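Thanks for making the time this morning. I would like to take you through two topics, the aromatic side chains and then one of the pockets, so please have the sequence and the structure open as I talk.

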Amino acid sequence: MRNSLADVVKLLFGKYFLAIYLTLGIYLFGVFSLLKSVGFWTSADIKDSIFWLFSVGFVLVFSLNKAKDSNYFKAIIIDTIKVIAILEFVINFYNFSLLTELILLPVLIFIVMLQAVAEFDSKNAQVAKLLTNLLAIFGFGLLLYSIYKMANGYSDFFKLGTLHSFILPILLTILFLPYLYCLSLYRIYESYFIRLDFMTVKKEKVKKVKQYIRQRAHLNINRLNRITERFDKKVFYDETNLKEYVKLISKKGKASG
């Protein structure tokens with residue numbers, strides 16, 4: 001367990017994730033600048049935005065291995081509206097003391113990031129389960145506290161101005177989808193092209209297949225996933241027309257041949 005936890009921490013601060021943090025920071029800076037320019041985001045929203053980033057944003061980034069098709073991204077919007085936005089709204093509506101937030105927020109952020117990274121590798125399953133349980137207990141406690149506060153101050157809770165707190169996480173998630181989509185697309189291309197390199201020593205054929213995949217799939221994640229799932233390395237060793245083969249297996253429905 002201790003070694004697994006150390007591996008997760010090491011992975012969290014590895015080069016791969018540092019690159020993600022950098023591109024993520026640049027993208028979100030653009031998102032917040034856009035929202036600020038239209039008057040929907042101010043410095044008063046910083047705390048709620050940080051909470052969204054570590055309770056939603058990073059979790060979605062670290063869960064991209066679940067993105068098998070475009071339906072995954074549609075489901076994100078539905079789940080956000082159904083659960084995430086409501087919970088964030090209720091919890092964020094009530095503020096803790098500054099000292100409490102200074103202690104709780106860094107701890108919660110670190111646990112959330114560790115839990116998300118731990119799910120990348122099945123060998124860290126025990127660590128992921130432990131951290132998930134800790135987050136569940138923590139989240140349930142916050143929710144109970146918020147419900148208690150709401151019951152004792154419902155007149156403040158149902159003010160029209162609080163609608164902003166409800167809409168913000170939904171809007172941030174929707175605006176976050178293009179980044180998630182591009183990151184998922186890049187991850188699939190990169191990992192599969194590495195696999196192709198180890199399928200055969202015929203490097204010229206591999207180079208052509210990569211070119212045909214890029215030409216056929218482009219930015220279509222559904223088509224790209226169909227190619228990666230159906231591709232058979234035996235075509236490297238016969239007279240199959242590689243361009244036509246890639247086109248065939250990229251089509252909807254059951255691929256033949």
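Let me begin with a group of rings, keeping in mind that this is a predicted model: Tyr27, Trp52, Phe176 and Tyr179 come together as one aromatic cluster.

Looking at aromatic pairs in general, the count comes to 11. One of these is formed by Tyr21 and Phe58, whose ring centres lie 5.7 Å apart with the planes at 85°, and because planes over 60 degrees apart count as edge-to-face, that is how this pair is classed. The two partners come from distant parts of the chain, since Tyr21 sits in helix H2, residues 15–37, and Phe58 in helix H3, residues 46–62, with their positions 37 residues apart. Both Tyr21 and Phe58 are buried.

A second pair is that of Phe32 and Trp41, where the centres are 5.1 Å apart and the planes meet at 25°, so this one is stacked, the cut-off being under 30 degrees. Here too, Phe32 is buried, as is Trp41.

Now to the second largest pocket, which holds about 220 Å³ of space. Which helix gives the most to its lining? That is H8, which contributes five residues, and helix H8 (163–197) and helix H10 (221–230) each supply at least two. Among the lining residues are Arg187, Ile188, Ser191, Tyr192 and Arg195, together with Asn225, Thr228 and Glu229, and the lining also includes Asn65, Ala67 and Lys68. Sorted by character, the lining of this pocket has three nonpolar, four polar and four charged residues.

Terms used: Residues are numbered from 1 along each chain as its sequence is written. This is a predicted model: local features need pLDDT of at least 70, side-chain atom pairs count only at pLDDT 80 or more; totals for chains, interfaces and linings use all residues. Side-chain values use heavy atoms; hydrogens and water are left out. On a 1 Å grid over the protein atoms alone, a cavity is a set of points where a 1.4 Å probe fits but cannot get out, and a pocket is an open set with protein on both sides within 12 Å along at least five of seven lines; lining residues have an atom within 4 Å of a point. Grid points are joined across faces, edges and corners, and a volume is the space filled by probe spheres set on the points. Helices (H or I, at least four residues) and strands (E, at least two) are DSSP runs, numbered from the N terminus. Ala, Val, Leu, Ile, Met, Phe, Trp, Tyr, Cys and Pro count as nonpolar, Asp, Glu, Lys and Arg as charged, and the others, Gly among them, as polar. Rings of Phe, Tyr and Trp (its six-membered ring) pair if their centres lie within 6.5 Å; planes under 30 degrees apart count as stacked, over 60 as edge-to-face and the rest as tilted. Buried means under 20% relative accessible area, exposed over 50%, partly exposed in between (1.4 Å probe, protein chains only).
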